[in-house]
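Here's a quick tour of one chain, written for someone who likes to poke at coordinates. Have a look at the model below, then read on.

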Amino acid sequence: MCDICGRGSCCESFHSLEEQQRYEKVIEAFDRARELRQQVRDEIDEEAREIEAAERRVEHEAEMRADAFGD
Ligand SMILES: [Zn+2]
């Protein structure tokens, strides 16, 4: 998506150099926003992995207990 006009079929380089310069702060802000969004996504992925690992651990422990009581 174009950070200058917001159209998906456009990109910053389609605009004049003057426009690119005038929108510099906007482009920077969008860059920063994308970076932050990626960070949040990474955090969520990491949390999901941790939750999954914890769930597997609990399942494993339950199986171990079941085995211990099994015989
Ligand atoms: Zn554009």
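What percentage of the 71 residues in the chain do buried residues make up? Just 3%. Keep in mind that this is a predicted model.

## Overall shape

On the secondary-structure side, the chain has two helices and zero strands. Its radius of gyration comes out at 24 Å, while the globule rule gives 11 Å for 71 residues, so the chain is more spread out than a compact globule.

The box tells you about the extents: along the principal axes, the C-alpha atoms fill roughly 80 × 20 × 10 Å.

## Before the first helix

Two residues are worth a stop in the segment ahead of α1, the helix that covers 17–22. Ser-13 is one of them, and His-15 sits in that segment too.

Ser-13 has 9 other C-beta atoms within 10 Å; a residue with 12 or fewer counts as exposed, so Ser-13 gets that label. If you go 43 residues along the chain from Ser-13, you land on Arg-56, and the two C-alpha atoms are separated by 49 Å.

His-15 has 17 C-beta neighbours inside 10 Å; that is neither 12 or fewer nor 20 or more, so His-15 is partly exposed. Setting aside residues up to four places away in sequence, His-15 touches Ile-4 and Gln-20. Cys-5 is ten residues from His-15 in sequence, and their C-alpha atoms are 9.1 Å apart in space.

## Along helix α2

Helix α2 takes in residues 24–70. Among its residues are Glu-59 and Glu-61.

Are these two glutamates buried or exposed? Glu-61 is exposed, with 10 C-beta neighbours inside 10 Å. Glu-59 is also exposed, with 10 other C-beta atoms within 10 Å. Both counts fall under the cut-off of 12 or fewer, so the label follows directly.

A couple of C-alpha distances give you a feel for the spacing here. From Glu-61 to Glu-50, eleven residues apart along the chain, the separation is 16 Å. From Glu-59 to Asp-31, 28 residues apart in sequence, the gap is 42 Å.

## Putting it together

To recap, the chain pairs two helices with zero strands, and buried residues account for 3% of it. Ser-13, Glu-59 and Glu-61 are exposed, whereas His-15 is partly exposed.

Conventions
Residues are numbered from 1 along each chain as its sequence is written. This is a predicted model: local features need pLDDT of at least 70, side-chain atom pairs count only at pLDDT 80 or more; totals for chains, interfaces and linings use all residues. Helices (H or I, at least four residues) and strands (E, at least two) are DSSP runs, numbered from the N terminus. The radius of gyration is taken over C-alpha atoms; the globule rule is 2.2 Å times the number of residues to the power 0.38. Two residues are in contact if their C-beta atoms, placed from the backbone, lie within 7 Å.
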